[in-house]
Amino acid sequence: MTVRNELLKSIRQAEPYVPGEQPRHKVVKLNTNENPYPPSPRVAEALRNADADALRLYPDPEASALTEALAEYYGVEKDQVFVGVGSDDVISLCFLTFFNSEKPILFPDITYSFYKVWAQLYRIPYECPKLDEDFRIVREDYYRENGGIIFPNPNAPTAVYEELDFVEDILEHNRDSIVIVDEAYIDFAGRSAMELIGKYDNLIVVQTFSKSRSMAGMRIGYAVSNPELIRCLSNVKYSFNSYTMNQPALLCGAAAVKDEEYFKEKIRMIVKTREWAKDELGRLGFVFPEPKANFIFARHPKCDAQKLFEELKAHNIYVRHWNTERIRDHLRITIGTKEEMAALFDFLKKAL
Ligand code: PMP
């Protein structure tokens, strides 16, 4: 049956975000920036100890076990932390809560493609200043009137990291706008804007358990800011769904935060593999901006990226490719284990 136009015209028609593929068969999976290592053993232990009977009850709407663990970890107050179902959930709620102006919000032309989807879904006007030729954000583009600002640091899919003085400059020039720094990949990069939270009342820092904490499947993200902005965010959440975080996720998340040693060790391993991967890709003739995330955004001057993407896929090596303006000659390659990267390089050596 086809739905009549009279019905269709008042229905919200969203253009959805397209996530990377999750193939069901075994592949070398370097396409969605997941962590190649398992989460902390304490997460498995928390799952084993989880009380199925307790699922009878609704979870704590304040998600206290997790917000308290995060507050302690970052040395902030509990009322400065907001948790959600992955940072996608957190950022989406931030868009709804903080971007309510007639003026356009600003985010880079090449960035996390979900920002545009949320802006369109919530009918928030937006503008996308162009990254420069080296895929750097041009700070002066953000010195104009706006309804808010969001950018990832490191940026995705470029993996380019900007130092804190850059973030601070954007904050200084936008005292009357909310600035959201999406730090999904910060643990592989450098200093976090968390340390600026006490200094700027317009700053929100968002992070996730999906990358550095190996818990993409659990769906945990969080925002840290001042208590007033966190209260605004919570009030919007409570106007939607009081219980976004399920009980096992709260327990597993808190367990993960408490195992700092494991966390740091796995990050070290990924960064080490990334540095090796940079050398290997360079030797093969790839060029890329300095990567500071758990992925590399690479281009081969003599090779069609779409073709290479398809050939890799045919050989069960999955990377990410976008057939869009300015980046269709690039591949985004997630850093896997050393063995997975070796499989990629073996293939590339033959294919090129
Ligand atoms: N921000 C950026 C820049 C990302 O690349 C991702 C991962 N797709 C996210 C946020 C969302 O991650 P998650 O919802 O798994 O926390």
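Helices (H or I, at least four residues) and strands (E, at least two) are DSSP runs, numbered from the N terminus. The exercises below use a predicted model, in which local features need pLDDT of at least 70, side-chain atom pairs count only at pLDDT 80 or more, and totals for chains, interfaces and linings use all residues. Residues are numbered from 1 along each chain as its sequence is written, and side-chain values use heavy atoms, with hydrogens and water left out.

**Exercise 1. Salt bridges in helix H9**

Task: Find which residue forms a salt bridge with Lys278, and work out how the two are placed in their helix.

Solution:
- Step 1. Start with the rule: a salt bridge is a side-chain nitrogen of Lys or Arg within 4 Å of a carboxyl oxygen of Asp or Glu. Side chains of opposite charge can pair when their charged atoms come close.
- Step 2. Apply the rule to Lys278: its partner is Glu275, with the closest N and O atoms 2.6 Å apart.
- Step 3. Look at the spacing. Lys278 and Glu275 are 3 residues apart in helix H9, so about one helical turn separates them. An α-helix has 3.6 residues a turn, so residues three or four places apart point the same way.
- Step 4. Check burial, where buried means under 20% relative accessible area, exposed over 50%, and partly exposed in between (1.4 Å probe, protein chains only). Lys278 is buried at 15%, while Glu275 is partly exposed at 29%.
- Step 5. Try another pair in this helix: Arg283 and Glu280 form a salt bridge with closest N and O atoms 2.9 Å apart. They too lie in H9, 3 residues apart, about one turn of the helix. Here Arg283 is exposed, at 63% relative accessibility, and Glu280 is buried, at 11%.
- Step 6. Widen the view: salt bridges with shared partners join Arg274, Glu275, Lys278 and Glu290 into one network.

**Exercise 2. A salt bridge between distant parts of the chain**

Task: Locate Arg42 and Asp259, and say how many residues apart they are.

Solution:
- Step 1. The model has 20 salt bridges by the rule above. In one of them, the side chains of Arg42 and Asp259 meet at 3.9 Å, N to O.
- Step 2. Arg42 sits in helix H2 (residues 41–49), and Asp259 in the loop between H8 and helix H9 (260–283); the two are 217 residues apart and link distant parts of the chain.
- Step 3. Arg42 is partly exposed, with 39% relative accessibility. Asp259, at 10%, is buried.

**Exercise 3. The crossing of H4 and H7**

Task: Decide whether H4 and H7 run roughly parallel or roughly perpendicular.

Solution:
- Step 1. Two packed helices are described by the angle between their axes and the distance between the axes. Axes are lines fitted to C-alpha atoms, for helices over the stretch in contact, and angles run from 0 to 180 degrees between N-to-C directions.
- Step 2. For H4 and helix H7 (residues 227–238), the axes come within 9 Å and cross at roughly 105°.
- Step 3. Angles under 35 degrees count as roughly parallel, over 145 as roughly antiparallel, 65 to 115 as roughly perpendicular and the rest as oblique. H4 is therefore roughly perpendicular to H7.
- Step 4. Contact means heavy atoms within 4.5 Å. On the H4 side it is made by Leu93, Cys94, Leu96, Thr97 and Phe98, and on the H7 side by Leu229, Cys232, Leu233, Val236 and Lys237.

**Exercise 4. Two buried polar side chains**

Task: Find which side chains make polar contacts with Asn155 and Tyr222.

Solution:
- Step 1. A polar contact is a pair of N or O atoms within 3.5 Å; within protein, one must be able to donate a hydrogen and the other to accept it, and residues adjacent in sequence count only if both atoms are side-chain atoms.
- Step 2. Asn155 lies in the loop between strand E5 (149–152) and helix H6 (164–172), and counts as buried at 2% relative accessibility.
- Step 3. The side chain of Asn155 makes a polar contact with that of Thr111 (2.9 Å). A polar atom of the Asn155 side chain also lies 3.1 Å from the backbone oxygen of Ile110.
- Step 4. Tyr222 is in strand E8 (residues 221–224) and is buried at 1% relative accessibility. Its side chain makes a polar contact with the side chain of Tyr74 (2.6 Å).
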